[in-house]
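Q: Could you take me through one strand of this model up close? I'd like to know who its neighbors are and how well it's covered.

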Amino acid sequence: MFPTHRCRRLRKNETIRRMVRQTAITPDDFIYPLFVTYGKGVRKEISSMPGCYQESVDEAVKNAKEIYSLGIPSIILFGIPEHKDEMGSGAYDDNGIVQTAIKAIKDAVPELYVITDVCMCEYTNHGHCGIIEKGEVNNDKTLGLLAMEAVSHAKAGADMVAPSDMMDGRVAAIRNSLDREGFSEIPIMSYAAKYASAFYGPFREAAESTPQFGDRRSYQMDPANRREALREVALDIEEGADIVMVKPALSYLDVISDVKSTFAIPVAAYNVSGEYSLVKAAGKMGWIDEDRVMLEILTSIKRAGADIILTYFAKDAAKILNG
Ligand code: PBG
């Protein structure tokens, strides 16, 4: 009790603050998302995500070199195919956009750990994450295609696959196919607790994956639900997930914390597009100190329990953290 206890003693100067600081972020924590598109020499800024680009493979390779030189160990690839169709065939085409990008990036920067987003929505003309039947996304018919997509990414040289579709049973389907095809050493990071979030708005511009009818609420989770996240995560772990992800991050810190304290498995959190755009916009307006807000957000996601953070801020943050 006061005056015996004075919490301010341990805040007196930066040295003692450094000594008692509980949470530190480093570039090691980050996975940087890349949007790869067709063509050559393309580097088109995404208007709602300043500093992020749709890039052709040659430009993505240059970016990959810069990313790795900043100390960021990993990227996650999203593909924007030239043609989309009902079955999302670009997703599991061995010469597809992501497959081509994987090979080029692994050739140029072999140490960079390449993860791929496994989903249908960037490749289907209707923009949903699976196959449509009778106006709905058919769960079981989508599983085979996701498994083919994951195998195709592995064949191209991906280090890890990350299914983001939210179909039931997809982790097991992907694990079985990877193992059968000789990729038993490729880990799965599942988007395990993925919410139907309005924070994905800018991403859909970036990946050109806006659903052409309806929304994703019949497969992504209801933002109001906390316990359900533990059920989703438990099922994915049972099915063979090696890392589980909570997405989005900032409005779901409670969920990150729950998952971290319940399961002994690495937890990833996706600091999504809308979370990035809000900070960039307010920074541009001069309403906030963008760098400090960015670092505070990333620190809070780690403090909540995330071991890994997927973030569009990775390069900006690494530049500051590297001093
Ligand atoms: C694909 C996918 C999405 C994101 C990652 N993978 C969008 C969605 O589900 O609509 C969102 C990423 C972000 O907003 O940064 N299913």
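A: Let's start at one contact point: I31 sits across from L310 in strand β12. Before going on, this is a predicted model, where local features need pLDDT of at least 70, side-chain atom pairs count only at pLDDT 80 or more, and totals for chains, interfaces and linings use all residues. Residues are numbered from 1 along each chain as its sequence is written, and side-chain values use heavy atoms, with hydrogens and water left out.

I31 also has a bridge partner in β4, namely S74. Strands here are DSSP runs of E with at least two residues, numbered from the N terminus, and two strands pair if DSSP finds at least two bridges between them.

Now the pairings of β1. With β12 (residues 308-311), β1 pairs in the parallel sense over two bridges. With β4 (residues 74-80), the pairing is parallel too, over seven bridges. Then there's β3 (residues 49-56), which runs parallel to β1 and is joined to it by three bridges; over there, T37 faces S56.

How about cover? Eight of the eight residues of β1 (residues 30-37) are buried, so the strand is largely enclosed by the rest of the structure. Buried means under 20% relative accessible area, exposed means over 50%, and partly exposed is in between (1.4 Å probe, protein chains only). Both faces of β1 are covered: one side carries F30, Y32, L34 and V36, the other I31, P33, F35 and T37, and all of them are buried.

Definitions and conventions: Helix = DSSP H or I, 4+ residues; strand = E, 2+ residues; numbered from the N terminus.
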